[in-house]
Amino acid sequence: MTDEYKGMRTVTWLHLSDLHLCNPKTGWESGKILKKLQEDFKKLHDEEGLTPDMIFFTGDIVYGDLGKEKGKQIVEQYEDAAKFFDNIRASFSPEIPKERVFIVPGNHDVNRGKTNRFHHQGFDSQMTGDYHNIEKKLNDLISDTDKDDWKGFIRSLKEYRQFLELNGYDHPLKKDRDRLIYAVETEINHVKVGIAGFNSAWSSWQDNEKGKLWMAGHWQIQNLSSRLDSAQLKIALMHHPFNWFNPAEDPNLLHEMGNNFDFFLHGHEHLGWVEEIAGGYKRISAGACYGDSEKEMGYNVTRLKIDKDGNFTGKVWLRKYDRLGEGWTKRPVHEKAEDGMWFIKKGLEFAGPMEEEVVDEALEVTAAPAIEFQTDTPESRGVFGRDKEIAKIAKIVNDVPITFIYGMTGIGKTSLINEVRRHPLLKERKYYRYPISQGMGLEQLFALMSPALGNRDDFPKGNFLLFGKYDFSSLKKYAQYTSPSIIHLEHAQRLINGGKFMDMGVEEFFKALANYDQFKIIIESREETGHILPQKIYKYWDVHGIDGEKAWQLTFAGPSRTVRR
């Protein structure tokens with residue numbers, strides 16, 4: 001490990017995907033490429049000090065059943081895959097134990113010889129109505145694994161399950177062998193890491209499936225994330241990205257994944273990429289270990305430095321196979337990963353080594369001294385000159401049930417709220433942050449906020465409107481099981497039109513929440529709302545930029561000094 005990481009709490013993982021192993025079909029080339037892959041691991045270890053704590057494989061281990069010829073049966077492909085994983089684990093010193101290898105299924109891992117197209121087509125024909133109705137049908141299907149309906153889907157992954165069981169990779173499948181999903185917590189270098197393995201392949205049975213797959217995503221996300229409550233770092237593994245699922249599924253699945261996990265790792269599209277989303281959520285896709293097309297072959301390695309609050313800085317090394325040079329090399333991305341290295345962070349600034357500047361030895365400049373900030377302060381996180389404002393807002397949040405915080409786009413509302421929740425008045429409260437989607441109504445808002453409200457249902461439904469009146473008495477039952485919290489709602493202008501909530505039920509919902517001191521609601525909006533709620537339950541704060549003189553002082557003030565470079 002390099003000096004940069006000595007003494008730090010680090011977590012490192014290797015992310016592989018899309019092996020498509022079938023020696024009779026691809027072995028003429030894939031064997032050499034995969035051997036070169038192991039050589040590249042050693043190169044990264046020697047040059048970057050990279051030794052993974054865990055290996056994540058996001059689906060498509062094998063090519064799929066191709067008939068009765070030797071080596072083409074899917075069972076034989078899995079036997080060869082077991083040797084591949086043994087070789088990968090042994091590429092590192094010390095060898096990566098099987099208990100640190102986490103695998104999820106892909107569409108190629110499905111034995112299409114065991115799929116029943118009439119079963120799939122019949123199910124598709126029943127998926128009608130709005131997404132609430134479709135979600136209920138999906139929840140009913142996946143929640144009862146004893147029914148023939150579910151067995152008709154999962155039987156096509158029998159050989160995949162046998163591969164896991166025969167080779168010791170079934171260790172996460174304690175509760176969900178019949179669904180082939182898992183949620184486990186493990187400790188890595190004093191960091192509790194939560195890993196959720198999703199099954200996005202259970203409905204796969206045909207070619208050209210983009211936009212046609214079913215996932216039962218809401219059920220899987222809520223069920224698995226609820227088992228990782230004590231994890232400081234939460235990682236979701238899945239084969240397909242969300243654009244491959246039927247659009248009739250809940251449109252909030254992508255937001256839901258971001259609300260519950262720090263990282264979402266997937267494969268399938270054979271494209272290595274890193275997508276950073278506000279709040280620290282990262283999507284990392286891997287290229288293919290081997291592909292017989294011109295699509296990219298690639299993989300990635302991620303290393304994080306993590307503080308006690310779960311904030312992190314880190315790097316993602318992007319790698320690709322160069323067919324011309326017949327070897328693995330870095331994969332640069334213009335203006336994002338110029339050297340094949342993508343920098344990521346959550347709540348902190350990256351603190352990597354600075355390159356030494358080479359200039360004329362005789363050059364003298366007058367400059368302000370470098371300002372050193374204490375750690376774990378607003379300044380250390382890039383928020384300057386707002387200490388008094390943070391204290392005032394924290395007192396408001398502490399004193400009233402609901403606080404509206406609004407200001408123009410880019411003014412720093414989210415960063416300010418992140419500091420407010422760390423203030424001594426509030427720091428003992430658990431913090432939840434939820435992005436609002438356009439047109440979200442009461443039922444969707446409740447489902448989004450339900451983990452913070454103490455609702456532990458797999459698929460929460462409020463059903464608050466009874467006989468033409470709103471009844472929120474069930475909130476009392478939920479509230480008794482939850483800790484004091486701050487619930488931060490981003491982009492709240494999407495709930496509002498003309499100075500009023502578009503769904504009257506949302507207004508009544510907030511009024512009801514105001515009765516419970518466990519919940520402190522921060523509603524962030526880029527638009528002023530006026531008197532949208534009774535004044536006794538809320539206050540608002542208008543965020544402005546700091547004035548020019550203060551900005552100058554913070555940036556440039558201090559005695560000058562002569563620096564010889």
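Trainee: Helices (H or I, at least four residues) and strands (E, at least two) are DSSP runs numbered from the N terminus, so how many of each are in this chain?
Mentor: The chain has 14 helices and 24 strands. This is a predicted model, where local features need pLDDT of at least 70, side-chain atom pairs need 80 or more, and totals for chains, interfaces and linings use all residues. Residues are numbered from 1 along each chain as its sequence is written, and side-chain values use heavy atoms, without hydrogens or water.

Trainee: At what angle do α4 and α7 pack?
Mentor: Helix α4, residues 131-143, packs against helix α7, residues 217-225, at about 55°, with 8 Å between their axes. Axes are fitted to C-alpha atoms, for helices over the stretch in contact, and angles run from 0 to 180 degrees between N-to-C directions.

Trainee: Which residues make that contact?
Mentor: From α4 come Glu135, Asn139, Ile142 and Ser143; α7 supplies His218, Trp219 and Gln220. Contact means heavy atoms within 4.5 Å.

Trainee: Turning to the sheet, what is the order of its six strands?
Mentor: The open sheet runs β4-β5-β6-β7-β9-β8, with mixed pairing. Strands pair if DSSP finds at least two bridges between them.

Trainee: And which strands are at the edges?
Mentor: Those are β4 (182-188) and β8 (273-277), each pairing on one side only. From one strand to the next, the twist averages 20°.

Trainee: How many bridges join β5 to β6?
Mentor: Five bridges join β5, residues 191-197, to β6, residues 233-237, and these two strands run parallel. Gly197 has Leu237 of β6 as its bridge partner.

Trainee: Which strands does α8 lie across?
Mentor: Helix α8, residues 253-260, lies across β6, β7 (263-266) and β9 (281-285). Helix α8 runs at about 110° to β9.
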